[in-house]
Amino acid sequence: MPFITARQFWFGLAGAMAVCLFSSCATVKSAFSRAVGIGHANSATNVGGSSSIGTSLDAANDVRLPAQATAREQTLGAESATASAAISQTSWQNEMQVAAPESSTSVAINALPVSLQNDRLPGTATNEPLPAPSSASSERILGLRDAIQLAVSNNPDVITMRAAGPVSNAGRLAAATYPWNPSVQVEVAPYAHDINGNQLATKNLVSVSQPIELAHQRRYRIRAAEAGWNEQQALIAQSELTASVAAMRAYFDALYRFGLWKVAQDSATLQVQTAQAMERRFLAGLTTPTERTTVHILERQSQRTADLARVDFQNALNSLRSVLNLPINIDLDLGPGLDSYTWRPMTSALGHPDIAGDAAASILASADSIRIAQRPDVYAARLAASQAKANLDLAKANTIPNVSTGPTYERDETGTLFLGVIAQMDVPVWNTGGPAVRQRAAEYQQQLITAEQTRRRAVLQAQAALQRYAVAYHFWQNQRTLKATSVEDIRRVVDAFEHGQASFLEVLSVRDSLLQDRKSQLELLREISQASADVVAALAVDPDCLIEPVADHASPPGA
C-alpha cells in the first residue's frame, strides 16, 4: 500500500505554512505596533494638556435615534467645545491623558490642585497608605493643606478607584490587538482505490485562511476602550476631589468645635471667678442668699457645658481621623483656629482676582458655562456617552459578516495538482445583528440623558454654591473690621461687680451678650468655611483660590 512520500508531505506543509505566515505577518505587526504606540503615548503624555470629546459626540448624527437624542448630542458637542477652551485656565491638572490616533475621546482630567501635585505625601504614587505611627502618643500637626494631602493619599475610595486604572489600561491594549488568528487545515488520505480496486495515489490537502473584518470593527473597539480608560481617569479625579472636599469640611468642623469648646471653657472659668466674687460679697453682707445660690447653679451649668463642648470636639476629631484614614490613637494638633484663615472674593476662584463691580457680576453670572465642564463627574458622563457611541458603531459594523480567505493546495488521487484561493463567510439569516444594534442605540440614548442631567445638576450646584459663598463673604467682609470680643471684656465686668460698680443681673446680661457675640463670630467663620468647600466641590477649583492662611494663632490641644 503506497503512502505519500516524506518529501511530498513536508514540501506541501512548508508551502502552506509559508503562505500562512506571510498573510498574517502584516496584521500581527500592525497590532503589535499599535499596542506599543499606545503605551509610549501614555508614558509620554504631559500632565497639563487639554482636549475635547466633542468630535466623537458630534459624529452621532448618523445614528438613527429619536430626534431627542440628536438634540442632546448637539448640546453636548457645543458644551464640549466650551469645555476645551476653559480647560487651559483651570488650576487643577489631569493625572494622565492619552492621545489616540483613531479616537477623539481623549480628554484632560482635572484631578488635583497644582500645589497638591507638587507636594504629595508618600504613598500617593504607589497607592499605599502612610505607615502607622510607632507609638500611641505620636502627634501630627495638621493644617488645611496637610489634611487635604492625607485625604487624597489615604482615602480608601481613592485607593480603590486608582487600582481600577491598570484594568482599564489593560482593556485598552487588548482592544488594540487584532482578535482573529489564521487557521491551517491539513488533510491526508493515504488509502485510495478506484471502482476496480486499483490502488491510487495519496490525496493531500493544505489550506490556510485568515478572518478579515470588512467593517473596520477594530477602530470602534479601540475608540470604546479609549473612552472607557479616560472615563476611569475622570472617576479617579472625582474621587480625589470628593476626598479633598470631605477633608475640608471635617477639618473646618473640627476647628469650629474647638472654638465652641474654648468659648465654653472661658465661660466656665469666668463663672468660677464670678462665684468667688459672689462669695466674698456674701460674706461681707452685700448680696442675698438667692443670688449666691443662683451663681453656684450657673457655675455647675457652665462646667457641664464645657465638658459637652469638649466631647463634641473629640467627636469632630474622630470624624476627621476617619476621613483621613488615620488610626484613632493618633493625637492631632489642628494648628490655628478658624480666625487664622482669610477668604478671597469669588472672582479669585474664577481666575479674575482683581475684577470687581459690574465686570465681576458678569463673570459670576457666566461661571456655570465656563467652569462646569471642568468637573470630573461631568467629564465622566460625557466619556460614558462617547463609549456608548463607539459600542453602537461596533454593533452596526458587526452586521457585516467577516470573511475568511486564504490560499489552498491540493493533490488528488490521480496526481493532479490544484492551487487556488478559498473564501468563507456567514450568511445573516437568523442573526442579522439588528437586535444588538437596537440595544446599543438604547444604551447610547441613556448615556446622553445621563450626561445632560449630570450637567444640569452641576449647574444648579454651582449656582447655589456661588450664592452661598457670596452672602457669607459679604458678611465676613463687614464683620472683619469690627473689634472681636475677648475674655478681658467679660473679666472687666466681673471686676466691676466685685467692686460694687455693677449688679449681679447686669453681670449676667453682659456676660451672656458677650459670649453670644463670640459664638456668632464662630458661626460666621463656620459658614464661610463650609461655603468655600461648596465652591471647591461645585467648580473643581484649587482651595488656595479662596482660602489663605494668616498669622499663627494658638493651636488646639491634641486629643
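In the predicted model, 45% of the 559 residues of the protein are buried. The accessible surface amounts to about 27,300 Å², and carbon and sulfur atoms account for 56% of this area. The secondary structure consists of 16 helices and 10 strands. Among contacts with a separation of 6 or more, 81% join residues that lie 24 or more positions apart.

In soluble globular proteins, nonpolar side chains tend to be buried together. Here the largest nonpolar core comprises 66 residues, and Y251, L324, L334, W343 and Y469 have the most contacts inside it. At least two residues of this core come from each of helix 5 (144-154), helix 8 (217-283), helix 9 (289-324), strand 7 (341-343), helix 14 (434-479) and helix 16 (504-539). Helix 8 provides the largest share, with 17 residues. A second core, separate from this one, has eight residues, including L392, A395, A441 and Y444.

Helix 5, one of the contributors to the largest core, is mostly covered, with 10 of its 11 residues buried. Its buried positions include the nonpolar residues L144, A147, I148, L150, A151 and V152. R145, Q149, S153 and N154 of helix 5 are buried as well.

W343, one of the residues with the most contacts inside the largest core, was examined further. Leaving aside residues up to four places away in sequence, W343 touches L338, Y469, Y473, W476, L525, I528, S529, S532, L546 and I547. The residues touched by W343 thus include Y469, which is also listed among those with the most contacts inside the core.

Nine aromatic pairs are present in the structure. The rings of Y251 and F252 are edge-to-face, because their planes stand at 65° with the centres 6.1 Å apart. Y251 and F252 are both buried. The pair formed by W343 and W476 is also edge-to-face, since the ring centres are 6.0 Å apart and the planes meet at 80°. As W343 belongs to strand 7 and W476 to helix 14, this pair ties together parts separated by 133 residues in sequence. Both tryptophans, W343 and W476, are buried. Ring pairs further link Y251, F252, Y341, W343, Y469, Y473 and W476 into a cluster.

Side chains of opposite charge can pair when their charged atoms come close. A search of the whole structure yields 19 salt bridges. In the salt bridge between R221 and E213, the closest N and O atoms are 3.1 Å apart. E213 counts as buried because its relative accessible area, 11%, is under 20%. R375 and D377 form another salt bridge, with 2.7 Å between the closest N and O atoms. Both R375 and D377 are buried.

The salt bridge between R344 and E548 has an N to O distance of 3.4 Å. This pair links distant parts of the chain, with R344 in the loop between strand 7 and helix 10 (346-349) and E548 in strand 10, 204 residues apart. R344 is partly exposed at a relative accessible area of 29%, and E548 is partly exposed at 34% relative accessibility. Elsewhere, R249, R468, E527 and D534 are linked in a network of salt bridges.

Two residues other than glycine with positive phi were noted in loops. N325 has a phi near 60° and is placed in the loop between helix 9 and strand 6 (331-333). A540 has a phi of about 55° and is placed in the loop between helix 16 and strand 10 (547-549). N325 is partly exposed, with a relative accessible area of 36%, whereas A540 is buried at 1% relative accessibility.

On the surface, V184, V186 and V188 make up a nonpolar patch, and together these residues have about 200 Å² of accessible area. V186 lies in strand 4 (residues 183-189). The relative accessible area of V186 is 41%, so this residue is partly exposed.

Methods. Residues numbered from 1 in each chain as written. Predicted model: local features only at pLDDT ≥ 70, side-chain atom pairs only at ≥ 80, totals over all residues. Heavy atoms only, no water. Core = buried A, V, L, I, M, F, W, Y, C linked by side-chain atoms within 4.5 Å. Buried < 20%, exposed > 50% of the residue type's maximum accessible area, 1.4 Å probe, protein only. Helix = DSSP H or I, 4+ residues; strand = E, 2+ residues; numbered from the N terminus. Contact = heavy atoms within 4.5 Å. Patch = residues over 30% accessible without salt bridge, like charges linked within 9 Å, V, L, I, M, F, W, Y side chains within 5 Å. Areas by Shrake-Rupley, 256 points an atom, 1.4 Å probe, with all protein chains shown as cover. Salt bridge = Lys/Arg side-chain N within 4 Å of Asp/Glu carboxyl O. Phe/Tyr/Trp six-rings, centres within 6.5 Å; stacked < 30°, edge-to-face > 60°.
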